[in-house]
Amino acid sequence: MAGDRLGNLLERLGSLLHATQRGAAGAHGLQRVHLDVLGYLLRCNRYSDTPTAVGEYLGLTKGTVSQSLRVLEARGLLTREPDVHDGRVVRLRLTRRGRGTATRERDHAWERLRRGTPAQQRATLELGLERLLRALQAATGYRTFGLCRSCRFLRRREGGFQCGLTGDALSAPETGKICREHEAA
Ligand code: SF4
């Protein structure tokens with residue numbers, strides 16, 4: 001069945017990527033989940049850098065998130081800081097080392113995929129997989145965590161952008177980050 005084939009392919013791709021990421025994490029004395037957390041923090045925006053958002057994005061329990069954050073903090077890869085407006089909220093910040101590790105490992109893993117797939121084919125694949133992901137998220141009620149530039153709240157303003165939800169000004173690079181509050185346009 002076509003559905004089985006798609007499921008099998010996705011499962012195999014997932015296993016392969018996980019195995020690669022496990023190897024990369026092991027080289028740093030870390031587990032795959034630790035690299036996942038660093039990778040998420042590299043890509044998320046300022047509304048999404050909390051332990052809760054990490055758990056939601058990666059589908060992790062509170063306990064696993066806390067444990068992972070403790071390891072990453074002890075290794076000097078991230079810091080926790082109280083939010084400037086609400087001291088009860090903790091913000092996670094990658095240190096320079098954490099950013100370097102996340103960038104290197106992410107580039108390394110995806111570079112192989114990029115090299116193995118022609119641009120046209122990649123664009124078609126991305127579109128198909130994005131639709132599949134959005135359909136699954138809609139069916140399960142999970143947050144989309146999409147790119148800010150594809151959000152229905154994004155407003156274009158003279159000299160930049162604005163988040164229609166928070167009213168905050170956004171820079172162009174920020175519109176390329178993923179967001180916990182994202183809603184598809
Ligand atoms: S416009 Fe949407 S994605 Fe961008 S910061 Fe606002 S809520 Fe998040």
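**Exercise 1. A residue with positive phi**

Work out whether Phe-145 counts as buried, exposed or partly exposed, from its C-beta neighbours inside 10 Å.

Solution.
- Step 1. Take the count: Phe-145 has 19 C-beta neighbours inside 10 Å.
- Step 2. Apply the cut-offs, with C-beta atoms placed from the backbone: 20 or more others within 10 Å is buried, 12 or fewer is exposed, and in between is partly exposed. Phe-145 therefore counts as partly exposed.
- Step 3. Place the residue. Phe-145 sits in the loop between H6 and E3. Helices (H or I, at least four residues) and strands (E, at least two) are DSSP runs, numbered from the N terminus.
- Step 4. Check the backbone. Phi of Phe-145 is near 50°, a positive value in a residue other than glycine.

The model is predicted: local features need pLDDT of at least 70, side-chain atom pairs count only at pLDDT 80 or more, and totals for chains, interfaces and linings use all residues. Numbering starts from 1 along each chain as its sequence is written.

**Exercise 2. Two helices**

Compare the end-to-end reach of H6 and of H2 with what is expected at 1.5 Å a residue.

Solution.
- Step 1. Set the rule: the expected span is 1.5 Å times one less than the number of residues.
- Step 2. H6 (residues 119-140) has 22 residues and reaches 31 Å from first C-alpha to last, close to the expected 32 Å.
- Step 3. H2 has 12 residues and should span 16 Å; its end C-alpha atoms lie 17 Å apart, which agrees.
- Step 4. Turn to burial. The number of buried residues in H6 is zero, so H6 lies largely in the open. In H2, by contrast, His-34, Leu-35, Asp-36, Val-37, Leu-38 and Leu-41 are buried.
- Step 5. Look past the end of H6. Gly-141 follows, and its phi is positive, near 80°.

**Exercise 3. The cores**

Find which residues of the largest nonpolar core touch the most other members.

Solution.
- Step 1. Define the set: buried Ala, Val, Leu, Ile, Met, Phe, Trp, Tyr and Cys residues joined through C-beta atoms within 7 Å.
- Step 2. The largest core holds 16 residues; Leu-38, Leu-41, Leu-78 and Leu-94 touch the most other members.
- Step 3. Assign elements. Helix H2 (32-43), helix H3 (51-58), helix H4 (62-74) and strand E2 (90-94) each give two or more residues to this core. H2 gives the most, with four.
- Step 4. Follow Leu-38. Beyond neighbours within four places in sequence, Leu-38 is in contact (C-beta atoms, placed from the backbone, within 7 Å) with Leu-72, Leu-77, Leu-94, Gly-98, Thr-101 and Ala-102.
- Step 5. Another core lies apart, with five residues, among them Cys-148, Cys-151, Cys-163 and Cys-179.

**Exercise 4. The ligand shell**

List the residues around the ligand and sort them by class.

Solution.
- Step 1. Select residues whose C-beta atom, placed from the backbone, lies within 6 Å of the molecule.
- Step 2. The residues found are Asn-45, Tyr-47, Cys-148, Cys-151, Phe-153, Leu-154, Cys-163, Leu-165, Cys-179, Glu-181 and His-182.
- Step 3. Fix the classes: Ala, Val, Leu, Ile, Met, Phe, Trp, Tyr, Cys and Pro are nonpolar, Asp, Glu, Lys and Arg are charged, and the others, Gly among them, are polar.
- Step 4. The shell has eight nonpolar, two polar and one charged residues.

**Exercise 5. The three-stranded sheet**

Determine the strand order in the open sheet and explain which strands stand at the edges.

Solution.
- Step 1. Strands pair if DSSP finds at least two bridges between them. Four bridges join E3 (residues 154-157) to E4 (residues 160-163), antiparallel. Arg-155 has Gln-162 as its bridge partner in E4.
- Step 2. E4 and E5 (residues 169-170) pair antiparallel over two bridges. Here Phe-161 stands opposite Leu-170.
- Step 3. The order is E3-E4-E5. E3 and E5 are at the edges with a single partner strand each, so one side of each has no neighbour in the sheet.
- Step 4. Inspect the turns. The E3–E4 hairpin has two residues between the strands, and Gly-159 takes a positive phi near 80°. The E4–E5 hairpin has five between them, and Gly-167 in the turn has a positive phi of about 85°.

Notes
Two residues are in contact if their C-beta atoms, placed from the backbone, lie within 7 Å.
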